[in-house]
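Work through the exercises below with the sequence and the model at hand. Each task is followed by a stepwise solution.

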Amino acid sequence: MDEPDWYCAEVFPRRIEINVVMETDSVLAFRPPVPGFGKDHVIVVPKHHVRSLLELDAALAAHLLEVVRTAARDVVARHGGSQLLGRHMVLANMGTMG
Ligand SMILES: [Zn+2]
């Protein structure tokens, strides 16, 4: 059994206030209200519990990446760059990082 995590305990049930950037049937993109994140930190997650990117089926993984791309386009337009970080160490840069 997995440990309870912040997303399932607080974010998905909306026990905390989040700034939703984009939401689909299966994916949520939001800015967290937690101090310490960057000024334009967008978190993109499947809307159900998953432990790893490796657990996603191919269709959901592709959809998740498309939501990431849409959110990143907006961030790149405003800041000139964007960085994608994953809990399990997926890392990608988009645009020019300062
Ligand atoms: Zn969870």
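Two strands pair if DSSP finds at least two bridges between them. Helices (H or I, at least four residues) and strands (E, at least two) are DSSP runs, numbered from the N terminus. The model is predicted: local features need pLDDT of at least 70, side-chain atom pairs count only at pLDDT 80 or more, and totals for chains, interfaces and linings use all residues. Residues are numbered from 1 along each chain as its sequence is written.

**Exercise 1.** Determine the order of the elements and describe how β1 and β2 are joined.

Step 1. The protein has two helices and five strands, and from the N terminus on they run α-β-β-β-α-β-β.

Step 2. β1 and β2 are antiparallel, with four bridges between them. They form a hairpin with three residues in between, and Met-22 is opposite Ala-29 in β2.

Step 3. Classify burial by the count of other C-beta atoms, placed from the backbone, within 10 Å of a residue's own: 20 or more is buried, 12 or fewer is exposed, and anything in between is partly exposed. Strand β1 (residues 19–23) lies largely in the open because zero of its five residues are buried.

**Exercise 2.** Which residues make up the largest nonpolar core?

Step 1. Such a core is a set of buried Ala, Val, Leu, Ile, Met, Phe, Trp, Tyr and Cys residues joined through C-beta atoms within 7 Å.

Step 2. The eight members are Ala-29, Val-42, Val-44, Leu-64, Val-67, Val-68, Ala-71 and Ala-72. Helix α2 (residues 58–79) gives the largest share, five residues.

Step 3. Contact requires C-beta atoms, placed from the backbone, within 7 Å. Leaving out residues up to four places away in sequence, Val-44 touches Val-27, Ala-29, Leu-64, Val-67, Val-68 and Ala-71.

**Exercise 3.** Compare the expected and actual span of α2, then list its buried residues.

Step 1. The expected span is 1.5 Å times one less than the number of residues. For the 22 residues of α2 this gives 32 Å, which agrees with the 31 Å between its end C-alpha atoms.

Step 2. Leu-64, Val-67, Val-68, Ala-71 and Ala-72 are the buried residues of α2. An α-helix has 3.6 residues a turn, so residues three or four places apart point the same way.

Step 3. Gly-80, just after α2, takes a positive phi of about 85 degrees.

**Exercise 4.** Is Asp-40 buried, exposed or partly exposed, and which residues does it touch?

Step 1. Asp-40 lies in the loop between β2 (27–31) and β3 (43–46).

Step 2. Asp-40 is partly exposed because 13 other C-beta atoms lie within 10 Å.

Step 3. Asp-40 touches Val-75 and His-79, not counting residues up to four places away in sequence. Asp-40 and His-79 are 39 residues apart in sequence and 9.0 Å apart in space, C-alpha to C-alpha.

Conventions: Contact = placed C-beta atoms within 7 Å.
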